[in-house]
Amino acid sequence: MNISAVSLELASLSLGLLTIILGLIFPSFRSKNTGGYLAIMGLISMLIGSLYLPASNTQTFINTFYVQDSLALFFKQLFIVVAIFVNAMSLRYLKPYTKNRGDYFALTFFALTGMMIMASAAEFITLYIGLELMTFTFVLLTTYKKQDLKSGEAGLKYLLLSAISSGVLLYGLSLIYGLTGKLDFSAISTVFSIGSVSPLLVWAIIMVLSGLGFKIALVPFHMWTPDVYEGAPTPITAFLAVGSKAAGFVAFIRVFFHVFAPFTSIFMPLLITLTVLTLLIGNLIALAQTHLKRFLAYSSIAHVGYILLGVIAYSKLGLSAILFYLMLYLFANIGAFAGVTALVINTGHDRISDLAGLWKCSPFLSVIFLISLLSLAGIPPTAGFIGKFYLFTEAIHQGYLWLAALALGLSLVAVYYYLMVIRTLLSGTSEETQPFIIPFSLRLVMIVSAAMTIGIGIWPGPFTDLALNIAQSFY
Amino acid sequence: MIGLSHYLLVAAALFCIGVYSVITKKNAIAVLMGIEFMLNAININLVAFNHFMAPSQVIGQVFAIFIIGVAAAEVSLGLAIILSLYRQRHLVAIDEMDILKW
């Protein structure tokens, strides 16, 4: 037993419970934003504390079921940063929708705990529990706008589809258990490294791939993404787009780089096919979207395709490119969703056509949208360009020139649709005449994410070094 | 003599019934029941593998207990959402939930 390996999870869980208990004792705590300030303060101190955790050596909690290595620590810090941004975005946004804001902030802590458990799990039961803790909390958060018809519908769709996908994942896991008699990753991989390939194993790999693919919105399993993104409260959409996706990726990395490592010849053709589909469908359907959150949902599906190039490259540099891309994807998406939040607060709508004439109403908001969308499109001064560059070059190094060429071609299509949104933003006239009111917390989120997007783009050195170090110690 | 393969066949059949009802049923509650079928099929799988392949450790049984617990949470969450949707829009049919599309 090593408590320091689970210190962040314990902190997150106890802060969540504390928020609920304080809400029960003091009614004003539930109806005001106090819970949100407490949550943000707690999260910032968790982030500072996590910097003092030993990153270089691997700690385990009980046996090897739960590991705290540098990969897990990196993802946990990523989740905490997202949670800080999400809570800060929610402060003003929630006001019209609900009287009980305290519970909302408590729930974000439980989602955070689930994601952290996923990042550290080195055993399938733990992974499953973390995954379901995260999913159920996200379902609750999705349905938080009770009066909104879209919110409940999105929540039910998310719950039913994720339950089906976890059923498929579990069937695959039960087959793996039947083949090896073990559930922890290191024991399974020692059995697999000698074992032969059986049809049952192929089934198990396909089922695990589809179960985890659902979480990262791989294409045949992406159907929930646009609906849930549209229906959920906008800060939660950002949490889903960045946090839940990153949590899916860390599980994906651990399972496919470690447990299934001897069977690359089986899952690689499948993964390549799905990546091509993801790139095609994500980018092409995004062209036809008129709703800003659905548009960002399809663009996030396309980004999963780019990130999967790093998984397909299946190398140390590929892994570091994934980690680097997830960092810049975080800041670009948070900037974009914070912009949507500000738009919803001021106009009540979130269609792309509502952006028309924004330049005249609020130049600040327009600049934030501009930076975030340019980074998502991968235009040079922003971070997106460097991230895509690393992913594509590594794919070419490993001999997937055609795949990198396809991704490059489709990212040109992506540039087109991002620029269409930017054109709507800069030109056009709007009915809105009074200037936008952007609350201080939201303004701060936007400034930080835009500064990081530009900062990583201009000076990527420290961030690539960090990603490379983590990838090195994972391999 | 009943062996491992009998249990696996029953579980596979149960899983397929679950998937079938998830795909074809229009009622949200029936879909939840289909999901329960799928999860219970997995439980049979796990316990049967545990008994026949690795009886010395009870990993499979522990996993099955966790799945039962999670499934209960899932159903209560699902029913709560269905109830609130019913109060709001008087519907439990999944194909009528079509505000969100494309």
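Colleague: How many residue pairs are in polar contact between chain B and chain A?
Modeller: In this predicted model, the count between chain B and chain A is five residue pairs in polar contact, both partners being at pLDDT 80 or more.

Colleague: Which elements of chain B supply the side that touches chain A?
Modeller: Helices α1 (4-24), α2 (28-52) and α3 (59-89) of chain B each give at least two residues to that side. The most comes from α3(B), with 16 residues.

Colleague: And what is that side of chain B made of, by class?
Modeller: The side of chain B that touches chain A has 31 nonpolar, six polar and four charged residues.

Colleague: How many salt bridges are there between chain B and chain A?
Modeller: The count is one salt bridge. Glu153(A) forms a salt bridge with Arg89(B), and the closest N and O atoms are 3.1 Å apart.

Colleague: What area is buried between chain B and chain A, and what do carbon and sulfur atoms give?
Modeller: About 3,600 Å² is buried between the two chains, and carbon and sulfur atoms give 78% of that area. In terms of residues, 41 of chain B are in contact with 45 of chain A.

Colleague: Let us move inside chain A. Which domains is chain A divided into?
Modeller: Chain A is divided into domain 1, covering 1-153 + 218-252, and domain 2, covering 273-475. The C-alpha centres of these two domains of chain A lie 22 Å apart.

Colleague: How many residues of each domain of chain A are in contact with the other domain?
Modeller: In chain A, 37 residues of domain 1 are in contact with 38 residues of domain 2. Between them the two domains of chain A bury about 3,500 Å², 81% of it on carbon and sulfur atoms.

Colleague: Which three residues supply more than any other three of the area that domain 1 of chain A buries against domain 2?
Modeller: These are Phe74(A), Phe85(A) and Phe249(A), which supply 18% of the area that domain 1 of chain A buries against domain 2 of chain A.

Colleague: What about salt bridges and polar contacts between the domains of chain A?
Modeller: Across the interface of domain 1 and domain 2 of chain A there are two salt bridges. The side chains of Asp227(A) and Arg294(A) meet in a salt bridge at 2.9 Å, N to O. Polar contact between the two domains of chain A comes to 10 residue pairs, both at pLDDT 80 or more.

Colleague: Which elements give two or more residues to the side of domain 1 of chain A that touches domain 2?
Modeller: They are α4 (70-93), α10 (224-231) and α11 (234-259) of chain A. The largest share, 13 residues, comes from α4(A). By class, this side of domain 1 of chain A has 26 nonpolar, five polar and six charged residues.

Colleague: A change of topic: where is His303(A), and is it buried or exposed?
Modeller: His303(A) is in helix α13 (residues 292-313) of chain A. His303(A) counts as buried because its relative accessible area is 1%, while the cut-off is under 20%.

Colleague: What does His303(A) touch?
Modeller: Leaving aside residues up to four places away in sequence, His303(A) touches Tyr325(A), Tyr329(A), Leu376(A), Lys388(A) and Tyr418(A). The His303(A) side chain also reaches the backbone oxygen of Leu376(A) at 3.4 Å.

Colleague: Finally, which residues of helix α8 of chain A are buried?
Modeller: In α8(A), residues 185-194, the buried residues are Phe185(A), Ala187(A), Ile188(A), Ser189(A) and Phe192(A). The buried residues of α8(A) pack against α6 (124-142), α7 (149-180), α9 (199-216) and α11 of chain A.

Conventions:
Residues numbered from 1 in each chain as written. Chains lettered and ligands numbered in written order. Predicted model: local features only at pLDDT ≥ 70, side-chain atom pairs only at ≥ 80, totals over all residues. Heavy atoms only, no water. Domains from an automatic or database assignment. Contact = heavy atoms within 4.5 Å. Buried area = accessible area lost by both parts, 1.4 Å probe. Salt bridge = Lys/Arg side-chain N within 4 Å of Asp/Glu carboxyl O. Polar contact = N/O pair within 3.5 Å; in protein donor to acceptor, adjacent residues only side chain to side chain. Helix = DSSP H or I, 4+ residues; strand = E, 2+ residues; numbered from the N terminus. Nonpolar A, V, L, I, M, F, W, Y, C, P; charged D, E, K, R; others polar. Buried < 20%, exposed > 50% of the residue type's maximum accessible area, 1.4 Å probe, protein only.
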